[in-house]
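Grab a pencil and work through these exercises with the structure open beside you. Try each task yourself before you read the solution.

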Amino acid sequence: MSDPELRAVIHVDMDAFYASVECLDDPSLRGLPLIVGGLGPRGVVATASYEARVYGVHSAMPMAQARRLCPQARFVKPRMTRYGEKSAEVFGIFRDFTPLVEGLSLDEAFLDVSGSLRLFGGHVAIGQRIKQRIATETGLSASVGLAHNKFLAKLASEAQKPDGFLQVPADGARAFLDPMPVTRLWGIGKRTAPRLRALGVLTIGQLRRVDVSVLQTALGKRAEHFQRLARGEDSREVTPARADKSISHEVTFDANVLDRTELLAELQRQVEKVAARLRAREQMATTVVVKVRDACFQTVTRSRSMPACSNSTRTLYRLARALLEAWREDHQGTPVRLLGMGVTGIEGNAAKCRVSDSMRENASTNGASERIGEQLDSQDERGIDRVFDRIKHRFGSAGIAHAQTLRRKKD
């Protein structure tokens, strides 16, 4: 609908999603403090169950700190494939009610159900049905917020977590917002909050009422923007997700790695993941990117485009390896802290992602890395990848692996 006041927006936020999936698959974990994240000395918390959060554990916290705060917790490594499967189930439920689904992450989305009200019985009824179906069909819980815009709907879903359900009517926006601390406004953080406190502005209601010229001393040009939010105004539309412009994978090693064999093994593992995602989406890519961060936190990215697009594990690995080896030549004896690999220039079919003949001519006159990917993937390469994907799909990671990846040391 064109009038923002007449929109019906729902924000759904799954409750401690990764931890909840782990408890779903292993009921013995239910009711215990559970922390999901990297288990090495450089690991970071991905999420924590609500039982762990009471000890001060939160996402993005260093795992070492989480262990000190809650040593009795159960600690598990993330299983992104499994979380992706459950996320797909949840998003499938969303799309049964509206095509206007804007995913923010695996476990969070906005839905514009304005055009579905007559069909499903109103804003609240739709929110209740979505929440019930998530519980029944996935075994997980979600918090649901309803309002006439995205800003209010998101705050509503956060207000009664976990397993919450709250509607903010248009005429109740100020009553809902006014008591909240100003830090609930996205963009008011560690640097701006003290400036507002100096003005005596502690709540959203106070921010709404203060003269904008005074507010500008603390917030500058954004003062009017924050006052609009404080009034509950937000004209942003729910925008269905666009296709990814890039796909990547990276890892921070528990200990810096110098050994070439281990670096190549990790690179092979990352290429397998990226190439498999491309093939699963029936996409191809023209550019390979390798990212390296050394022990001194210096980060370098190197990329190379191919004359013909590819989703072949062999082709992408050969080019990624050439890029990594080129970096190593310039950094002899430099330990690696982080290694990443990705692709850009993604297209849905081979015809669209072919590069110009002039680029092919230029590539043929350069070194070996530039000549990789001059032709579209061969039938043999595509056949090998299809077999590899089928075995992986049926038996998981234990079913098959490239020999190179077996040289990667276990953390």
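Before we start: two strands count as paired if DSSP finds at least two bridges between them. Also keep in mind that this is a predicted model.

**Exercise 1. Work out the strand order of the open sheet formed by four strands, and find its edges.**

Solution.
- Step 1: Start with β9 and β12, which pair in the antiparallel sense over eight bridges. You can check the register at Val251, whose bridge partner in β12 is Leu339.
- Step 2: Move on to β10, which pairs with β12, also antiparallel, over eight bridges. Here Val290 stands opposite Met341 in β12.
- Step 3: Go one further. Strand β10 (residues 285-294) is joined to β11 by eight bridges, and the two run antiparallel. Val292 has Val300 in β11 as its bridge partner.
- Step 4: Put the pairs together and you get the order β9-β12-β10-β11, with antiparallel pairing. The edges are β9 (246-257) and β11 (299-310), since each pairs on one side only. From one strand to the next, the twist averages 15°.

In case you wonder what holds such neighbours together: strands of a sheet pair through backbone hydrogen bonds, either parallel or antiparallel.

**Exercise 2. Find which helices lie across these strands, then decide whether β12 is largely enclosed or not.**

Solution.
- Step 1: Look at helix α13 (residues 260-280). It lies across β9, β10, β11 and β12 (336-344), and runs at about 160° to β9.
- Step 2: Now take helix α14 (residues 313-330), which lies across β10, β11 and β12 at about 150° to β11.
- Step 3: Count burial in β12, using under 20% relative accessible area as the cut-off for buried. Eight of its nine residues pass, so β12 is largely enclosed by the rest of the structure.

**Exercise 3. Show where the buried residues of helix α12 sit around its axis.**

Solution.
- Step 1: List the buried residues of α12 (residues 223-230): Ala223, Phe226, Gln227, Leu229 and Ala230.
- Step 2: Look down the axis of α12. These residues fall within an arc of 155°, so they line one face of the helix.
- Step 3: Recall the general pattern: an α-helix has 3.6 residues a turn, so residues three or four places apart point the same way.
- Step 4: Ask what covers the buried residues. The cover includes α7 (150-159), α8 (173-177), α10 (204-209) and α11 (212-219).
- Step 5: Peek just past the end of α12, where Gly232 takes a positive phi of about 85°.

**Exercise 4. Describe the largest nonpolar core and say which elements supply it.**

Solution.
- Step 1: This core has 32 residues, and Ile10, Val12, Phe94, Leu111, Ile130 and Ile134 have the most contacts inside it.
- Step 2: Trace the suppliers. At least two residues each come from β1 (9-14), α1 (17-25), β2 (34-37), α4 (80-95), β6 (108-112), α6 (123-138) and β7 (142-147).
- Step 3: Zoom in on Val12. Beyond its neighbours within four places in sequence, its contacts include Phe94, Leu111, Ile130 and Ile134.
- Step 4: Don't stop there! A second, separate core of 31 residues includes Val182, Ile188, Val210 and Leu219.

**Exercise 5. Classify the aromatic pair of Phe97 and Phe120.**

Solution.
- Step 1: The ring centres are 4.9 Å apart with 50° between the planes, and the pair is tilted.
- Step 2: Locate the partners. Phe97 is in the loop between α4 and β5 (101-105) and Phe120 is in helix α5 (residues 117-120), so to speak distant parts of the chain, 23 residues apart.
- Step 3: Check burial: both Phe97 and Phe120 are buried.

Key: Residues numbered from 1 in each chain as written. Predicted model: local features only at pLDDT ≥ 70, side-chain atom pairs only at ≥ 80, totals over all residues. Heavy atoms only, no water. Axes fitted to C-alpha atoms, helices over the stretch in contact; angles between N-to-C directions. Contact = heavy atoms within 4.5 Å. Buried < 20%, exposed > 50% of the residue type's maximum accessible area, 1.4 Å probe, protein only. Arc of directions from axis to C-beta. Core = buried A, V, L, I, M, F, W, Y, C linked by side-chain atoms within 4.5 Å. Phe/Tyr/Trp six-rings, centres within 6.5 Å; stacked < 30°, edge-to-face > 60°.
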